[in-house]
Amino acid sequence: MSSIPHDHVAGHGEGHEEHAHHPAGIMRWITTTNHKDIGTLYLWFSFTMFIVGGVMALTIRAELFQPGLQVVHPEFFNSMTTLHGLIMVFGALMPGAVGFANWMIPLQIGAPDMAFARMNNWSFWLLPPAAILLVTSLFVPGGAAAAGWTLYPPLTIQAGMGMDLTIFAIHIMGASSIMGSINIITTILNLRAPGMTLMKMPLFCWTWLITAYLLVAVMPVLAGAVTMLLTDRHFGTTFFNAAGGGDPVLFQHVFWFFGHPEVYIIIMPAFGIISEIIPTFSRKPLFGYASMVYAVAGIAVLSFLVWAHHMFTTGLPTAGLLFYMYATMLIAVPTGVKVFNWLATMWKGSLTFEAPMLFAIGFLFLFTIGGFTGLVCAIQPIDVQIQDTYYVVAHFHYVMVAGTLFAFFGGTYYWLPKWCGRMYDEKLAEIHFWLSFVFFNITFFPMHFLGLAGMPRRIPDYAQQFADWNMVASIGAFGFGFTQLLFFYTVVKCIRSGPSAPARPWEGGTTLEWTVPSPAPYHTFETPPIVK
Amino acid sequence: MVRIKTGNRAGRRLLQAMVAAVLLGPGAAMAALEWNLQSPVTPIAQQIDDLHTFIFWICVVIFVAVFGVMFYSIFRHRKSVGHEAHQFHENTTVEIIWTVIPFLILLFMAFPATKTILAMKDTSAPAMTVKVTGYQWKWNYDYLQEGFGFYSNLATPTAQIENRAPKGEHYLLEVDNPLVVPVDSKIRLLITAGDVIHAWWVPAFGVKQDAIPGFVRDTWFKAEKVGTYRGQCAELCGKEHGYMPIVVEVKSKDDYAKWVEAQKAKVAAAGDDPNKVWDLKDLLARGEKVYAGNCAACHQATGKGVPPAFPALDGSKVVTGPKAVQIKTVLNGVERDGKPTAMVSWKQLSDTDIAAVITYTRNSWGNQTGGTVQPSEIKVARQ
């Protein structure tokens, strides 16, 4: 952390030094209301959780390396799949996206800080207790939650107190997300520099604005669902128990009314990052800016109308199946528009392939595969065969890992020079990309085959015909996991000893953050810039 | 040792597949590995298979076209070959085209999918109906018209799962009592569950239906080929979720009729007289089987359980204490703080089975109470 710019870097002629007073050491981070400090906290928290969730993933892949039980017991295996999902979604991907938002939105719209600086501090500091609740639930009697990250009752009603800790963790993380979103919405709507109309904002700010609205809309729904679980567990209600007039499937409806928008919450900030990187390294403006904004808005609206495609085998009525199938298929249209626009941005550009661009192209390529398999899953009769199989596991890792995570890697390399004033080692970053790309595909591509051939997900042991592809996937997973140590090394090396970066390290960078020095001074845009 | 041997075999197969892939092209290599949907044996599964193939190829064509353009751009429009960036950033015509064309392609996909959905949901006019109930962790099949039913448990020995014995051909996909149905007949399934949500799935039939406690859903299949078909529970249902397979034997109509007769005769013969007085030896033999089929998943064959979630029976106060307490526990299950625990009620077992399994637990491992529990005591306790 020592490398994060403070007082001594303000000598870039901006005259900010008199404003950069803040406590030193740990108190700086606990009491900070500075959007850059808080962004940094979010990003390191996200990386830490990524490692914790990654270790859980490797535990899963170690057990699945061969048929038979070798490494863990089935109950612990179920806890691993459950916590891996919860930690990656709520601990790694969402806070990672908020970290990028904290750092970049004020810099991109010319605002001095986030609108609610103290609430920003509180939104972050809610997260570590939630993470501690989740991780320590492994050590309570009965073990951690083991019913899958989707927490379907009645299985969750049977569970021990680890489930209660999980429910409280979700409440806390939900509160954090709602506060973060209100902050982002207010910042974008009220603190833009003079002349920066909404339709002149960088696309990253647009995708986050829409994401924040989705979060405010659906996080309370999740809180409601898990609260009903809690009262069913301890206070004698029967929301999800048919014996008392409830319905276990009700939980699934409420959960996925949150859960489907949630997956767009995770991918849309990534869309934004990619929409910043591709124009920069194509040296060309983003193609179809307005249609990009409309496409994101369209996806957001549709995301509220498709939740029951996660429930195609629960026995929905025919009309329901048809409605949710058609609505889900429609999402392919705005998603296609986005992919075509990114390609058109590259078309006749002047392309270079630094690490951010490599990750953006990797994103484009693999996210599109994930989009196509999503379309396959949307066809209800096909989904009957592949629902709850490894095909679905492959599908959502193509959009969550090769989609969002690759965009985060690309975004990290893209903005690291701005964050710490130093350049990363291009060669190491490119090796990081190629290893990630290759190992990702070795891990997840065979899972399509496993799912089609009939291997259910969330099982600790499997029939012999699935042995070969599982072994391939496990080898890939360990390769992918260890590759991320290289990412850590590359980032630390950059922070400690990278060569100094200019204010605008990328020739094609046109947005406002490249007009302030690198590293970005502790306070920026105290006098708003004028945008023409 | 066994584990290492398995690993070598799998490794060798993988190596062969990789070599084949390099030498013979992808088609030949894929033949050695499972990589596509299982061969369909019902009209619905066939339609699903065709639908998947159709949509797969549409996606492949679009993918190749779109990324062909991207790679062309990557090679021709790079700065290192001196390409100058054009500054265009809008073209309404192009944008309308690439919004409308995907929409039309989607219509093409939606049409056959709709037809299949309508066919799948039509459960009318079945030849026979079987009620399927999912339990943690086994299936129960009730032949409603024939008046008999049975449980279907995993038949793979624990030794194979724990790598103490070589794994069989149908490792984890074998059961003691399969569902038996006649060929070429529309079989309607009424699916529900007794505890948590399960899902009944046989890939070759194209049937997957969640089993929801407290609700009954229906689905159907019509197998067109005699044979044995295997599937698994597809909804996470707790610790042994990976160990509750589904096996369906499709028999010719004659064989099926014979099987039904045999089944009815067996039920008649096995009807236990609840007033019969059993001796310890017979109860222990019967109890061991009941224990293996119903209790060992949690309490373990060793009686040691998996504390704290699944308590040990060996040395347990309940098992070695007064009979009445243990009978009540088995019949009613255990509630803690007013909510059910993993120890559910076992009252669906017969009086004789419950008497046998209680006798077994009271006289196994370190427990040596010496006495028996008779079916008549269970009968009384039920009232």
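How many bridges join strand S2 of chain B to S3(B), and do the two run parallel or antiparallel? I opened my notebook with that one, and I kept in mind that this is a predicted model.

**Entry one: the S2–S3 pair.** I looked up strand S2 (residues 138–143) of chain B and found 5 bridges to S3(B), with the two strands running antiparallel. I then picked out residues that face each other across the pair. Asn140(B) stands opposite Tyr151(B) in S3(B), and Tyr143(B) has Phe148(B) of S3(B) across from it. Next I followed the chain through the hairpin of S2(B) and S3(B), where 4 residues lie between the strands. There I noted Gly147(B), which takes a positive phi near 80 degrees.

**Entry two: the sheet around it.** Which order do the strands of the sheet in chain B follow? I read it as S3-S2-S1-S5-S8, an open sheet of 5 strands with mixed pairing. At the edges I found strand S3 (148–152) and strand S8 (217–221) of chain B; each has a single partner strand, so one side of each is left without a neighbour in the sheet. I also looked up the twist: neighbouring strands here are turned by 25 degrees against each other on average, direction ignored. A reminder to myself: strands of a sheet pair through backbone hydrogen bonds, either parallel or antiparallel.

**Entry three: chain B as a whole.** I stepped back and listed 12 helices and 12 strands for chain B. Its C-alpha atoms fill a box of roughly 95 × 50 × 45 Å along the principal axes. What is the radius of gyration of chain B? I found 28 Å, where a compact globule of 383 residues would have a value near 21 Å. I checked burial too, and buried residues make up 33% of the 383 residues in chain B. Among contacts in chain B between residues at least 6 apart in sequence, I saw that 64% join residues at least 24 apart.

**Entry four: where the chains touch.** How many residues does each chain bring to the contact? I noted 91 residues from chain A and 90 residues from chain B. On the side of chain A that touches chain B, helix H12 (residues 332–346) of chain A gives the most, with 8 residues. I sorted that side of chain A by class and wrote down 52 nonpolar, 30 polar and 9 charged residues.

Key: Residues are numbered from 1 along each chain as its sequence is written. Chains are lettered from A and ligands numbered from 1 in the order in which they are written. This is a predicted model: local features need pLDDT of at least 70, side-chain atom pairs count only at pLDDT 80 or more; totals for chains, interfaces and linings use all residues. Two residues are in contact if their C-beta atoms, placed from the backbone, lie within 7 Å. Ala, Val, Leu, Ile, Met, Phe, Trp, Tyr, Cys and Pro count as nonpolar, Asp, Glu, Lys and Arg as charged, and the others, Gly among them, as polar. Two strands pair if DSSP finds at least two bridges between them. Axes are lines fitted to C-alpha atoms, for helices over the stretch in contact, and angles run from 0 to 180 degrees between N-to-C directions. The radius of gyration is taken over C-alpha atoms; the globule rule is 2.2 Å times the number of residues to the power 0.38. A residue is buried if 20 or more other C-beta atoms lie within 10 Å of its own, exposed if 12 or fewer, and partly exposed in between; C-beta atoms are placed from the backbone.
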